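Hi,

Here is the structure I said I'd pass on. Have a look through it first, and then read my notes on one of its sheets below.

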Amino acid sequence: MKKFLLGCAYLLLVTWATFTATTVAAEQSQRLGPWEVHYNAFNSTALRPEMARQYNLERGETIATLNIAVLAAEQPGKPAQRVTVAGYAMNPLSMQQKLEFNEVIEGDAVYYLAQTSFTNLETLRFFITIKQGNEVQELRFSKEFWRN
């Protein structure tokens, strides 16, 4: 966990630092098979403009950013894993938006970024498939978004 926090701290901490205490959504994690999957979804307006440019991300009142990192939970130090990540976001009307993930490698850290749109006060459900060799796991979670 310490390696993950050190490696991914830049993206996560810079993102969190742009929020006020009332709007920060803490990172979440789930144990999926041999992995510890950390994920965070937030309004892209929380990204500083220079950070958005660095990671080729859009900023907008109705654009959500998704960050996923996969760690080997059973290995010493929980090293970051290079995996294939795919999925979609579903709105309350069951309309799906395909997520296009970009892999980011910074030192020992590996994480995956995607963006999707939303309407004000909309809860999106995320359906994410994570693959590595023969191992396939599904990450599912919901998040409410609102315009900033």
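Over how many bridges do strand β8 and β9 pair? Eleven: β8 covers residues 122-132, and its pairing with β9 is antiparallel. Bear in mind that this is a predicted model.

Two of the pairs are handy for finding your way along these strands. I130 of β8 sits across from Q137 in β9, and E122 faces F145 in β9. The connection between β8 and β9 is a hairpin with two residues between the strands. Take a look at G133 in that turn, which has a positive phi of about 60°.

Now for the other neighbour of β8. Strand β4, residues 84-90, is joined to β8 by seven bridges, again antiparallel. V85 has I130 as its bridge partner in β8, so if you centre the view on I130, you can pick out V85 as well as Q137 in β9.

Putting the strands together, you get an open sheet of four, in the order β5-β4-β8-β9, with antiparallel pairing. The edges are β5 (96-99) and β9 (135-145), each of which pairs on one side only. From one strand to the next, the twist averages 20°.

One general reminder for when you look at the side chains: in a regular strand they alternate between the two faces of the sheet.

Cheers

Key: Residues are numbered from 1 along each chain as its sequence is written. This is a predicted model: local features need pLDDT of at least 70, side-chain atom pairs count only at pLDDT 80 or more; totals for chains, interfaces and linings use all residues. Side-chain values use heavy atoms; hydrogens and water are left out. Two strands pair if DSSP finds at least two bridges between them. Axes are lines fitted to C-alpha atoms, for helices over the stretch in contact, and angles run from 0 to 180 degrees between N-to-C directions.
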